[in-house]
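Reader: I should like to learn how the terms used for a protein model are justified. May we go through them one by one?

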Amino acid sequence: MLAMKNTLAICRLFAIATAGISLLLSFQAVAQVPGIPQIGSAVAGDTRAFIFFQAPSNTGGSPISGHTATCNPGAISATSATAPIAVTGLANGTGYSCAVTANNASGSSAASGNVSVTPQAGVPVTLIGVVSRKTHAASGPFDVVIDRNVAIGGAVSVEPRAAGGNGHDIVFQFNTPVNTVDNAGAVDDTSATVASSATASGHEAVVTLTGVADKKRVTVSVPGINSAPVNASASLQFMLGGRQNAASAGAIDVSLAKTYSGHITSAANFRQDVNTSGSVNAADVAAIKSRTGIVPPPAASAIMFVTQVPTLSDFAARASTFANHGATMDQVARGGDLMIRYDDGTLRNLTKEAGFGMEGFQGANAIAVREPAVHWSGTKAVFSMVVGAPTQQYQVKTFYWQLYEVTNLGKGQTAVITKVPNQPTTYNNISPIYATDDRILFTSDRPRDGQAHLYPQRDEYESTATVTGIWSLNPANGDLFLMNHAPSGAFSPTIDSFGRVVFIRWDHLQQDQQADADRASPGAPPNGSFNYASEAPGAAALNTRDEVYPETRANSTSVFGPVRGYTSNFFTPWQINEDGTDEETLNHIGRHELAFGYLEKSFINDGAMSDYTNDSLHANAKSTRMDGGMFHMREDPANPGTYLAISAREFGSLTSDQIVKLTGAPNVNAEGMVLSNVTAPGNGLQSPGGRYRNPLPLTSGALIATHSPATSATVSLLTDFRLKPLTFNSTSGFYEPGASLTGGISKSVTWWSPDNARSFNGVLWELEAVEVVASTRPTKPAPALEAPESAVFAEESVDQNAFRAWLRNNDLALIVTRNQTTRDRADLQQPFNLRVPGGVQTLKPGGGTVYNISHFQIFQGDMIRGYPGAGRRVLAQPLHGNAASKNIPNPGGPAGSVKIAADGSTAAFVPARRALAWQSTDAAGNAVVRERVWVTAQPGEVRVCASCHGANSKDQAGNNSPTNKPEALRELLRAWKLLPP
């Protein structure tokens, strides 16, 4: 039995005796010490530790006055009313065991369990928690823990208590003392500013909100503390009486309030003490009861978009499928603006407010804008803008798309636009987005390695200038790197809810059709193609236009008989990590799942190979066209893992057509991914119901898009792209457009182009809408090297970290394949009965020609194809240079190759941040299986493929993906240890 203390409480109990006599029983009860706190986690700081706990629900009958954390050795303690408790005066590098007690007027509780922590010097400033804190009279402060990973439109944490005279205190807790709070602020779900003030208190930054309406959602941000950036933010909703993550009051809330009525406020019931009086009482019950059945509206969001003077050119121009990054007056007419539309229909011209753009004649301050992307906080956006136009006839100037940020997005504010610092200034930078660490990712036509004489990179189809890939920039210090080298361009990147950078890439690895035309007319080559000796400045122009990979565009011959000519022109969804690693098609999906049907086989005389796909091996029943693909892809925030896109042809439509959706969450196998209709499917060049562009699924589940009533893929008819909401027609089963969201935005402009005077007077295009709403920063853990390869590293006593550091220092990556003889069961268009002479083989039941493979030949994308004028096209060249010199020599193999080991494995060093392709060959170097796809690796990356054209589920023999420990990796590691340091 617990020992009684001296504090007394008087309780009165009415009971009914059997005779119906009312008896008043009086007794004295003695208050006790509190219950035991529940220990949580500990966070290490510099000479300090932060101890988290949960207060006991049993107060012992008296308000808890505080909690004490004691750390041993040394019995060093500290007291706080709320978690975490900051225990200071600890020794760095010493391990401590800490426990917590709860205190009231009667004394201290028994100690909680223990948690271990070791303080460390140099710990970076870290946000360790965000809470909404209120003091409940004599019962003290209680915290609602805010889930800072949930965006403002999601299941945010709910503050159920009334504001009171002091407003709402939102407390950001850090692992270091806070001396100053820098530029803290708050916005609601319409991006309107919420009145706030900020103070520093111990290790906390306290942001006090005033004037927040009930049922309102708010995002609170602390950009910095102690003059250092921290970029901390959290979203929550204020709903009197609402439950955590419920945002409404119901019968259960009333019942809880009644249950606790008359109780002192404690950890068990503080959410029911909505008036913060220090106890749950009749006033709380009445307040919660009055809220029963009231459900707050979903987060209201604004829409940001751009207007554009219609530019009716569909080749290398503003709205075309590819090469749309140019900034000449013919490629993009000036006169558009960056706009925001609020949920009540109010419009603001953000660029005009910030002093950019012109009416009438377009001169030095003329602009065009494109592709805004909203920051995770919902408070700012990054976009591309080109500034300037010829000021007189015949004036020729060079203009570039550059990155800009816009702030002050709330109603009643004035927009401020600033140029993003440290970006490439003499190249076109477009399609920007914010990375989860606030870097800016964007596409650019900057040369792969920055050498200006290689500019511009020309694509593999029309030899037209293109962007070189996706780039990553830290604006604060100018750190810039290429995430992927895309020889024919990468388009419209986004970051999905799984932390993947998802984008559209043009898969166009084929030989040069301009060179084909020149070969057909050697006396007067129409395109003047030729090869340079190398990428070096001043490299000699050679009297040759030879190409070595892949096979020719027209039929050819080989030791295996006739070879079908190969061409490709397919826009497909791809994924990559934010550091540029693990580039591949989304979930490894390919033409066999997206554009199935007739796919020509490579060796014409091999009767076991097929010109048709086996459509029983994939769930998708909707095939995309082979001379186009998917564009403007965006994840549906209401259905993570579902992506909306435009399915369009390569030319003639300004990237407009039907809206489709693709299931693509990381756990969906490529064979199970499904492409389906959102709007009515087209028929040839017709799109019934009009043509769509830039689909935008909203957090509310609604859908808007740019739409034109024109049904034909005829550029001259596509003059009226307008933003419209789409509604589902249950009869047709498709989404259909509603009325224009803006009513039309008109402008009258004139300009020099540069020789001719041009003009436009009418309704502008409305393009590239984004939702102005806070969103959750996704996290994606760094992938670990898989077990077979990790085992080889361990068995060879090679430290992976040291090995990766060596790769980075040498600007190299490592690619490993476990078994080159295994391939996906769906691919019958290339040889599939494969054998390593004297080693492993994988054969498909049913027979067919067996092909011996001995060498793995790697190609790197070198910019050595030249034409009259500036720029280079990428050609596939056998691996050479630093990477090739460090691989195990392969005498007798083709240039740039490594030997295929007896177990089918290969391992090779390759150059980083340069496009790569490969093929397997026989002993004489004759190509057997050509992969025909460009992939980029990053410095220090160890990239493993279980198979070439890896199996989605089963290989050609019905086996699972190989799990052998690759012997080729073992041999390479042994050779690596002998290399000079």
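Author: Let us begin with aromatic pairs: rings of Phe, Tyr and Trp (its six-membered ring) pair if their centres lie within 6.5 Å, and planes under 30 degrees apart count as stacked, over 60 as edge-to-face and the rest as tilted. Phe315, Phe322, Tyr461, Phe491, Trp506, Phe571, Phe631 and Phe651 form one aromatic cluster. The model is predicted, so local features need pLDDT of at least 70 and side-chain atom pairs count only at pLDDT 80 or more, while totals for chains, interfaces and linings use all residues. Residues are numbered from 1 along each chain as its sequence is written, and side-chain values use heavy atoms, with hydrogens and water left out.

Reader: How many aromatic pairs does the structure hold, and why is the pair of Tyr461 and Trp506 called edge-to-face?

Author: The structure holds 29 aromatic pairs. The ring centres of Tyr461 and Trp506 are 5.7 Å apart, and their planes meet at 85°, so this pair is edge-to-face. Tyr461 is in the loop between β31 and β32 (469-474) and Trp506 in strand β35 (residues 501-507), 45 residues apart, so the pair links distant parts of the chain. Helices (H or I, at least four residues) and strands (E, at least two) are DSSP runs, numbered from the N terminus.

Reader: What makes Phe803 and Trp976 an aromatic pair, and of which kind?

Author: Their rings are 5.0 Å apart centre to centre, with 75° between the planes, so the limits for an edge-to-face pair are met. Phe803 belongs to helix α7 (residues 800-809) and Trp976 to helix α9 (residues 967-976), 173 residues apart.

Reader: How do you know whether Phe803 is buried or exposed?

Author: Buried means under 20% relative accessible area, exposed over 50%, and partly exposed in between (1.4 Å probe, protein chains only). Phe803 has 1% relative accessibility, so Phe803 counts as buried. Trp976, at 16%, therefore counts as buried as well.

Reader: Which class does Gln800 of helix α7 fall into, and why?

Author: The relative accessible area of Gln800 is 25%, so this residue is partly exposed.

Reader: What is notable about phi of Asn587, and how is its accessibility judged?

Author: Most residues other than glycine have a negative phi, and most peptide bonds are trans. Phi of Asn587, however, is near 55°, a positive value. Asn587 is placed in the loop between β41 (584-585) and α5 (591-594), and its relative accessible area is 12%, so Asn587 is buried. Arg913 also has phi near 55°; this residue stands in the loop between β60 (906-911) and β61 (916-921). With 26% relative accessibility, Arg913 therefore counts as partly exposed.

Reader: Which peptide bond ending at Pro456 is cis?

Author: The bond that joins Tyr455 and Pro456 is cis, with omega about -5°. Pro456 is in the loop between β30 (440-444) and β31 (457-458). Another cis bond runs from Tyr549 to Pro550, where omega is near -10°.

Reader: What makes the link between the side chains of Glu768 and Arg318 a polar contact?

Author: A polar contact is a pair of N or O atoms within 3.5 Å; within protein, one must be able to donate a hydrogen and the other to accept it, and residues adjacent in sequence count only if both atoms are side-chain atoms. The two side chains come to 2.9 Å, so the distance limit is met. The side chain of Glu768 also reaches the backbone nitrogen of Glu371 at 2.9 Å. Glu768 lies in strand β52 (residues 765-772) and has a relative accessible area of 9%, so Glu768 is buried.

Reader: Why is Arg872 said to lie over the face of Tyr532?

Author: A charge sits over a ring if NZ of Lys or CZ of Arg is within 6 Å of the ring centre and within 35 degrees of the ring normal. Arg872 is at 3.6 Å from the ring centre of Tyr532, so the distance condition is fulfilled. Arg334 likewise lies over the face of Phe399, at 5.1 Å from the ring centre.
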